[in-house]
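Ready for a few exercises on a protein model? Try each task with the structure open before you read its solution.

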Amino acid sequence: MLAAVDAPEESVHKVLGAAQEAITPPTAGEPAGLDEARRAVAELIRRRGWRVDPGHVSAEALAVALATFRGIGHGAFEEVLDDYAAAGERIAAADLAYVGRHADVDSLVESVVVGTVLGDAVLSAMRRLAHVDGSARQYEG
């Protein structure tokens, strides 16, 4: 990541990508059905028109999660992937708008690192809050 930041010829996209990859935890293990899940992720990337290498560390993390879902009998979760992808696109747009407020590369990288780490915590908490609200609306009559 530091090499990317210090390389003036690198595009902002590559520098931000290096920052994100540096803080993305490695996947743990290889669940059964991982190759099939990788194909599903590659298809999602293609279908959404995303400019992402299917071998990206986050694509691998998604494939591991999908293979795990399948392995524990919840493969039907994949039916909501496009909904998750659409929500992810909106969140990414908000994140990039926030990051774009910083002019210099060092500030951009710092905002990506801080925003990713704390943003993951915010996203998780917001999702759970929305679950509580949605459950109350749907099941409390």
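**Exercise 1. Work out what share of the residues in the protein chain is buried, and describe the overall build.**

Step 1. Buried residues, meaning those under 20% relative accessible area (exposed is over 50%, partly exposed in between; 1.4 Å probe, protein chains only), make up 19% of the 141 residues in the protein chain.

Step 2. Keep the origin of the coordinates in mind: this is a predicted model, where local features need pLDDT of at least 70, side-chain atom pairs count only at pLDDT 80 or more, and totals for chains, interfaces and linings use all residues. Residues are numbered from 1 along each chain as its sequence is written, and side-chain values use heavy atoms, with hydrogens and water left out.

Step 3. Now list the secondary structure. The chain has six helices and zero strands, with helices (H or I, at least four residues) and strands (E, at least two) taken as DSSP runs numbered from the N terminus. The pattern along the sequence is α-α-α-α-α-α.

Step 4. For the dimensions, the C-alpha trace spans about 55 × 40 × 25 Å along its principal axes.

Step 5. Finish with contacts, defined as heavy atoms within 4.5 Å. Of the contacts with a separation of 6 or more, 65% involve residues 24 or more positions apart.

**Exercise 2. Find the largest nonpolar core and the helices that supply it.**

Step 1. Apply the definition: a nonpolar core is a set of buried Ala, Val, Leu, Ile, Met, Phe, Trp, Tyr and Cys residues joined through side-chain atoms within 4.5 Å.

Step 2. The largest such core has 12 residues: L34, A37, V41, L44, I45, A59, A63, V64, L66, A67, L81 and A85.

Step 3. Helices α3 (34-48), α4 (57-71) and α5 (81-99) each supply at least two residues of this core.

Step 4. Zoom in on A63. Leaving out residues up to four places away in sequence, A63 touches L34, A37, R38 and V41.

Step 5. Another core, of seven residues, lies apart from the largest one; L16, A19, V99 and V112 are among its members. As background, nonpolar side chains tend to be buried together in soluble globular proteins.

**Exercise 3. Which residue forms a salt bridge with E36, and where do the two partners lie?**

Step 1. Search for salt bridges, each a side-chain nitrogen of Lys or Arg within 4 Å of a carboxyl oxygen of Asp or Glu. The whole structure yields 10.

Step 2. The partner of E36 is R70, with the closest N and O atoms 3.4 Å apart. E36 sits in helix α3 and R70 in helix α4, 34 residues apart.

Step 3. Check accessibility: E36 is partly exposed at 46%, and R70 is partly exposed at 26%.

Step 4. R70 also meets E78 in a salt bridge (2.5 Å, N to O). E78 is partly exposed too, with a relative accessible area of 22%.

**Exercise 4. Explain why the salt bridge between D82 and R48 ties together separate parts of the sequence.**

Step 1. In this pair, the closest N and O atoms are 3.3 Å apart.

Step 2. D82 lies in helix α5 and R48 in helix α3, so the bridge joins parts that are 34 residues apart in sequence.

Step 3. Both partners are partly exposed, D82 at 28% and R48 at 25% relative accessibility.

Step 4. Widen the view: a network of salt bridges links E43, R46, R47, R48, D82 and E89.
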